[in-house]
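Student: Can we go through this structure together? I'd like to see what lies behind the labels people use.

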Amino acid sequence: MSRALTFSLARQLCSRRTTTVASTLRCVGAETRLLKPAHRWQSTAAAQQPVDGPPISQANRVEATMKRFWKKVDLEEISVDGEAHFVVKLDKRSLKTPGGNILALPASKRLAASLVAHEWEKQEKLIKPHALPMTSIVSRAIDGLRDPETHAQVREALLKYLDTDTICFHEEHPPALVRLQAKHWEPLIQRIEKDYGVKINIIKSLFGAGQPPATKRILAAVIEDFDEWELAALERSVYSTKSFLAGFALVKGHLSVDDLANVAQVEVLSQIETWGEVEDSHDVDYRDIRRQLGSAACLLADA
């Protein structure tokens, strides 16, 4: 293979974005791996430079190889700062996050820890990143949301969804959509208004005025007290449903995962009711939204 073609392939690999647990592959790493032994002189200078990349961990190793490298998965209880925690062991080695932190969950999060272990046990010869939702959400909480500055930035970003919240934009036709909005959206909005003493505007135009400043202040004060687990669950739920109110309802336990999935898919349910289900599209979406919301709900469970 020519040197030009080798580097061209490497650049193509690096241009592809990834949503797996570990961070994106570095171009220099991809190019070095593709070089033949005769071309080692090209990688010598690079090898002498500091490595610009994430700490080496099991998650990063999976990203690079995409193959199972462990034989046994265990769940072990350890002490962290004098408090009981659960860690997942891969061949007696503690599983680490992409940031290089030990993936340790408090004893109250035994369910989440067990599910993380189950995810890694069920990975077979090739790794399936989409089948690691618990691992990714736990890693997000540990690596990012314990930092006060990041915590504040995430809260600010999520609150912006209020002004364009999906469940606040109501259509007046077709009849199936109007009925589903009333069934799934209105009770949730009324519940949050009652419990927190806020006013939530229902918008029937693309040029709506958004939500009242007082509503934003009150809800902002509520989520300011969220711990890293609650904020990670809120973040995933909001991004999955395109609705701050829906994600907020999940964290506060107002709705079950299945009910919240229906809230998120009102428009899809209306289309299915009118035109029928599209195979390999609607059925995939049905499971994916429940997988995402389910991981958030399991992270919140104290069991």
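Tutor: Sure, starting with helices: these are DSSP runs (H or I, at least four residues), numbered from the N terminus, while strands are E runs of at least two. This is a predicted model, where local features need pLDDT of at least 70, side-chain atom pairs count only at pLDDT 80 or more, and totals for chains, interfaces and linings use all residues. Residues are numbered from 1 along each chain as its sequence is written, and side-chain values use heavy atoms, leaving out hydrogens and water.

Student: What comes just after H11?

Tutor: Gly 253, which takes a positive phi of about 75 degrees.

Student: Why is Gln 181 called buried?

Tutor: Buried means under 20% relative accessible area (exposed is over 50%, partly exposed in between; 1.4 Å probe, protein chains only). Gln 181 has 3%, so it counts as buried. That residue lies in helix H8.

Student: What makes H11 largely enclosed?

Tutor: 8 of its 8 residues are buried, so the rest of the structure largely encloses H11. The cover includes helices H7, H10 and H14.

Student: How do you know which residues Phe 244 is in contact with?

Tutor: Contact means heavy atoms within 4.5 Å. Leaving aside neighbours within four places in sequence, the partners of Phe 244 include Leu 158, Tyr 161 and Leu 234.

Student: What makes a nonpolar core?

Tutor: Buried Ala, Val, Leu, Ile, Met, Phe, Trp, Tyr and Cys residues, joined through side-chain atoms within 4.5 Å. The largest one here has 61 residues, and H11 gives the most to it, with 7.
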